[in-house]
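The following paragraphs accompany the sequence and the three-dimensional view. Please keep both at hand while reading.

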Amino acid sequence: MGKPPVLFQSKLLCFSLLYLFTSLFLALYTSLSPTKCLLRSSPFDPLQSPLFSYPPSYGEHKYALPTARPACSSPVLFSDYSKAIEEIRDLCANSSWSSPSTLPPPPPLRYKKGRDDNFGGAFSARERFSYFDHSNDGVEVPCGFFKEFPISMDDREAMEKCGGVVVASAIFNDHDKIRQPRGLGSQTLASVCFFMFVDNATARVLENHNLILRNSGAARKIGAWRIVEVAGERLYENPAMNGVIPKHLVHRLFPNSKFSVWIDAKLQMVVDPVLLVHSLLVREGTDMAVSRHPYYVHTMEEAMATARWQKWRDVDSLKKQMETYCENGLQPWSHNKLPYSSDVPDSALILRRHTPTTNLFSCLLFNELDAFNPRDQLAFAYVRDLMSPKPKLNMFDVEVFEQVVLEYRHNLKRGGAASSAGGAGGMRRTKRAGSPELPGNGSFGGGCQKYLEEMWG
């Protein structure tokens, strides 16, 4: 038997070649990986095959909006998929998981009941603010549902049976396309509920494309999503406000769920929701996780952009809202608010533990949206800073947000303008709100003058 070639007789050379090829493989994997801000302990988790094939007539807006973010300075480490799903299941099975083992679980939140022509109850500012200090667990908190949420009994029963993690979204007025989640592990569909709320207008479009059947008698599903039709005309005139109900009152629609992931329909999830919940909530020990806004830090910056870009056309209402908050304690963001790193979230993706504190925050925030408008970023910091007890909030990097979801354009209506009826509505990527001379900025003065002076230094 002959000797190996001289080239391979040097151990140093062999180790060098092994190191070279290993480095090239890792570099290639890193360059091709779409998750530069996410680290996975195992990149080879078992994934589901594509969940659904859409007809060509429905497959518009195929390309996601581009992003140009550098790699983030604090990437998120994902646990092994099997470990994460096992831990989430254990937490969901333990009714007292939300409290330390040495303390009794906190009592559940009690909700005010009654009948009203308005779904939210139409409370005055003084009445709404009186519920911010929840030191008495016996007080009933207003939290919508003062008129019936109009869905079928079959859908209602299915929602009540969802006892673990729920992923929810909504499309009203045919504002977006239904997009299937990607990157799901092999056990996720059996462990996580996916619910898409649509109104009659959206349901008709889905029927026209033969994606769902009317009066079929069976649960209507499109891939992972169970479709729940809502008679939106019996709730709010503004379709965007109807979308706020499943977005911020998900804990009431799914009373037995322990975790929820809200995702605006303009987004497509590309990371398994179990990994998201485990990494952004459970490992962080927080009640809620939401991305920081890519540009704004102060609430007033978002209010100015809302007026300037006509995300909400009633500027007088915006002015009244902001002056009400300024006069009742709203402050610009400062380091005194740490660990909250911003006053403005990108609320297109929200992860929650359904604890009494998180549920209270959701109820109080919804009441403000019901009183003013569905722009939830405007009331976010006011409710968060003045409520008691305060939620444990993880405001993660924008770069993380852009790695776990893909964003698409809204559907274009006749005339070429995007409808304002979807979850967020309007443009998300806007220019920075700067000086008071810019259109829309001069409207916010009066009671907010001190706020503006502190914000601009």
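Is strand E9 (residues 288–292) largely enclosed by the rest of the structure or largely exposed, and why? In this predicted model, 4 of the 5 residues of strand E9 are buried, so the strand is largely enclosed by what surrounds it.

Two neighbouring strands may be traced from there. Strand E10 (residues 345–353) pairs with E9 in the antiparallel sense, through 5 bridges; within this pairing, arginine 292 has proline 345 of E10 as its bridge partner. Strand E11 (residues 393–396) runs parallel to E9 and is joined to it by 4 bridges. Here serine 291 stands opposite phenylalanine 396 of E11.

The nonpolar cores come next. In soluble globular proteins, nonpolar side chains tend to be buried together. The largest nonpolar core of this model has 65 residues, of which Phe149, Phe195, Phe197, Phe254 and Met300 touch the most other members. Helix H12 (residues 356–371) supplies the largest share of this core, namely 7 residues. A second core, separate from that one, comprises 53 residues, including Ile88, Val165, Phe194 and Leu281.

A final point of attention is lysine 247, which belongs to helix H7 (residues 239–248). Its relative accessibility is 3%, and because buried means under 20%, lysine 247 counts as buried. Which side chain makes a polar contact with the side chain of lysine 247? The partner is the side chain of aspartate 376, at 2.9 Å. Leaving aside residues up to four places away in sequence, lysine 247 touches Trp262, Asp264, Ser347, Ile350, Arg352 and Asp376.

Key. Residues numbered from 1 in each chain as written. Predicted model: local features only at pLDDT ≥ 70, side-chain atom pairs only at ≥ 80, totals over all residues. Heavy atoms only, no water. Buried < 20%, exposed > 50% of the residue type's maximum accessible area, 1.4 Å probe, protein only. Pairing = 2+ DSSP bridges. Core = buried A, V, L, I, M, F, W, Y, C linked by side-chain atoms within 4.5 Å. Polar contact = N/O pair within 3.5 Å; in protein donor to acceptor, adjacent residues only side chain to side chain. Contact = heavy atoms within 4.5 Å.
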